[in-house]
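Colleague: I have a model here and would like a close look at a single part of it. Take me through that part, then show me the rest around it.

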Amino acid sequence: MSIETLTKQVRTDLSYLSIGSNDRVDPSKQPAGHIYDAIIVGGGQSGLGTAFGLFREKISNILVIDENGEGLEGPWSTYARMVTLRTPKHLTTIDLGIPSLTFRAWWEAQFGQESWEAMDKIPRQEWMNYLQWYREVLNLPVINKVKLKLVEPTEEGIHKLHIEGQGAHTPLLLARKVILATGIQGGGEWHIPPMITENLPRHLYAHTSEPIDFSTLKGKRVAILGGGASAFDNAHFALSEGVAKAHVFIRRKEIPRINPIRHMEASGIIERFHTLPDADKYAVMSHFFKHNQPPTTDMFQRASSWPGFDMHLGSPWLQVKNVNDQAVVTTPKGTFTFDFLIISTGLVTDPSLRPELRLVEKHIVRWSDRYHAPENLANPTIDAHPYLSPGFAFQSRDDKGKGRLHGIFAFNYSALISCGISASALSGLKFSIPKLVAAVAEQLFTDNRTDILTTFFDYDQVEFTEEWPRKEQRTDSTPQSFIHSIPS
């Protein structure tokens with residue numbers, strides 16, 4: 001099979017399922033312009049999968065916007081530096097149950113079944129190539145280079161989206177529903193410890209989420225702070241780009257060896273997480289943070305095979321200072337000098353950190369408002385997360401905020417505590433997208449309840465058109481079959 005044949009198969013499959021026809025929602029208009037039923041902010045895997053999910057619900061008056069150029073959505077072609085995805089290749093994701101839309105179908109159409117069987121994990125760039133094909137074959141309405149600046153609710157239940165960027169042909173978009181499919185950083189911001197930001201000039205360090213010009217680091221010494229998977233991704237990438245030395249510093253005495261996501265994938269925790277009581281949700285995520293996600297064995301082997309690689313366990317950074325335009329790092333096990341620091345310390349989640357939510361964030365319920373964890377589990381990082389509905393909707397602390405937050409959904413990493421490994425982890429997308437889409441569709445339905453029921457009660461289109469007795473029917477009462485049976 002070729003990719004052209006597969007593309008035709010996808011479109012045939014969708015036509016068999018009547019996807020893409022008979023919109024359920026009547027389009028709305030205002031003097032200010034067209035009103036979308038939903039605008040999805042983010043054109044990566046979560047945003048694209050959500051758009052397809054809405055199409056399946058026959059909600060097609062939608063738009064996807066992304067601040068990056070086409071092919072640069074999400075992390076895969078920008079700051080992700082792993083060789084392969086960490087997710088097992090057999091897990092299905094944004095295909096939403098359509099076999100011809102799976103990554104495997106796309107791969108085998110080009111490289112054959114034997115190549116699929118020989119593959120260990122999905123190559124990172126090939127996943128991005130698949131996402132571009134997925135967007136194209138489904139004809140999803142994505143506009144690139146459009147950045148959301150602000151969500152402004154109105155009294156009419158319409159959200160004004162203030163936007164900017166090369167792709168923004170207007171400064172304002174109108175939407176009934178806003179879905180923030182903004183990935184791992186979309187619920188807060190990447191974290192760099194103050195000891196670094198306050199003591200070093202900006203050209204001596206970068207977070208793993210930022211662009212790094214490794215060509216300027218050839219032959220130099222680099223330190224990486226953090227013991228998670230991305231630390232080793234960056235160590236391997238740096239060394240492969242010509243860095244002389246890459247030292248990974250980990251505060252723990254051992255590298256985490258257990259990946260709790262693997263258990264979640266097999267136990268039902270991912271797909272049924274929303275059924276757990278708050279105490280269980282909090283405990284599960286506290287345990288998840290405790291273990292974090294270790295590097296894959298193959299990536300650790302790649303990184304550690306370089307002669308310039310070194311690793312320091314039990315070595316938190318106690319002090320960082322600038323000496324002769326170099327970063328001097330002090331740990332319990334000694335002091336080291338480097339030309340550049342790469343910070344792999346994750347992110348902080350808090351709606352107050354998101355500028356696009358500044359008009360509504362004070363109304364958003366946090367976990368600290370709804371649940372007080374026992375002392376041995378209490379974690380301010382968890383407490384700052386928004387307390388979402390099972391359908392990823394923001395909920396309000398007060399009556400005033402209910403109307404303002406109605407129709408805004410957080411389909412990003414900030415949903416972790418409320419909805420589990422779902423919104424930005426590949427393992428959860430096949431389960432979370434249908435929940436999100438159902439919640440959006442139900443809100444649209446209930447918002448339109450009065451009009452829908454009025455038209456239902458007034459509905460008088462005739463469907464049955466037969467009459468009895470038929471006009472051509474005989475007028476005598478003798479059955480024709482009986483007349484034919486009388487001998488002549």
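In the hairpin of β13 and β14, which residue takes a positive phi, and how many residues stand between the strands?

Modeller: A caution to begin with: this is a predicted model. The residue is Asn-324. Its phi is positive, near 55 degrees. The hairpin of β13 and β14 has two residues between the strands.

Now the strands themselves. β13 covers residues 319-323 and β14 covers residues 326-331. They pair in the antiparallel sense, over five bridges. Two of the partners can be named. Lys-321 has Val-328 in β14 as its bridge partner. Gln-319 has Thr-330, also in β14. Strands of a sheet pair through backbone hydrogen bonds, either parallel or antiparallel.

The hairpin belongs to an open sheet of three strands. The order is β13-β14-β15, and the pairing is antiparallel. β13 and β15 stand at the edges with a single partner strand each, so one side of each has no neighbour in the sheet. From one strand to the next, the twist averages 25 degrees.

Follow the chain out of β15 (334-338) and you reach the loop between β15 and β16, where Asp-339 lies. Asp-339 forms a salt bridge with Arg-221, and the closest N and O atoms are 3.4 Å apart. Arg-221 sits in strand β10, so the pair ties together parts that are 118 residues apart in sequence. Arg-221 is partly exposed, at a relative accessible area of 29%.

Both β10 and β16 belong to another open sheet, this one of five strands. Its order is β9-β16-β10-β11-β12, with parallel pairing. The edge strands are β9 (205-207) and β12 (309-312), and each pairs on one side only. Here the twist averages 20 degrees from one strand to the next. Helix α7 (residues 229-240) packs on this sheet. The helix touches β10 (221-225), β11 (245-249), β12 and β16. The direction of α7 makes about 170 degrees with that of β11. At one edge, β9 pairs with β16 (residues 340-343) in the parallel sense, over three bridges. Ala-206 has Ile-342 in β16 as its bridge partner.

Back to charge pairs. Side chains of opposite charge can pair when their charged atoms come close. The structure holds 20 salt bridges. One of them joins the side chains of Arg-135 and Glu-70, at 3.9 Å from N to O. This pair links distant parts of the chain, 65 residues apart: Arg-135 is in helix α5, and Glu-70 is in the loop between β3 (62-66) and α3. The two ends differ in exposure. Arg-135 counts as buried because its relative accessibility is 13%, under the 20% cut-off. Glu-70 is exposed, with a relative accessible area of 58%.

Another salt bridge joins Asp-350 and Arg-366, with the closest N and O atoms 3.2 Å apart. Both residues lie in the loop between β17 (347-349) and α12 (367-370), so the pair ties together parts that are 16 residues apart in sequence. Asp-350 is buried, at 19% relative accessible area. Arg-366 is buried too, at 6%. Elsewhere, salt bridges that share partners join Asp-120, Lys-121, Asp-298 and Arg-302 into one network.

Last, the start of the chain. Helix α1 (residues 3-16) has 14 residues. From its first C-alpha to its last, α1 reaches 20 Å, close to the 20 Å expected at 1.5 Å a residue. Its buried residues are Leu-6, Thr-7, Val-10, Asp-13 and Leu-14. They lie on the same side of α1 because they cover an arc of only 125 degrees around the axis. An α-helix has 3.6 residues a turn, so residues three or four places apart point the same way. What covers the buried residues of α1 includes α2 (45-56), α3 (103-111) and α5 (124-137). Helix α5 is also where Arg-135 of the Glu-70 salt bridge sits. On the other side of α1, Glu-4, Lys-8 and Tyr-16 are exposed. Just after α1 comes another positive phi: Ser-18, at about 55 degrees.

Technical notes:
Residues are numbered from 1 along each chain as its sequence is written. This is a predicted model: local features need pLDDT of at least 70, side-chain atom pairs count only at pLDDT 80 or more; totals for chains, interfaces and linings use all residues. Side-chain values use heavy atoms; hydrogens and water are left out. Helices (H or I, at least four residues) and strands (E, at least two) are DSSP runs, numbered from the N terminus. The expected span of a helix is 1.5 Å times one less than its number of residues. Buried means under 20% relative accessible area, exposed over 50%, partly exposed in between (1.4 Å probe, protein chains only). The arc is that of the directions from the helix axis to the C-beta atoms. Contact means heavy atoms within 4.5 Å. Two strands pair if DSSP finds at least two bridges between them. Axes are lines fitted to C-alpha atoms, for helices over the stretch in contact, and angles run from 0 to 180 degrees between N-to-C directions. A salt bridge is a side-chain nitrogen of Lys or Arg within 4 Å of a carboxyl oxygen of Asp or Glu.
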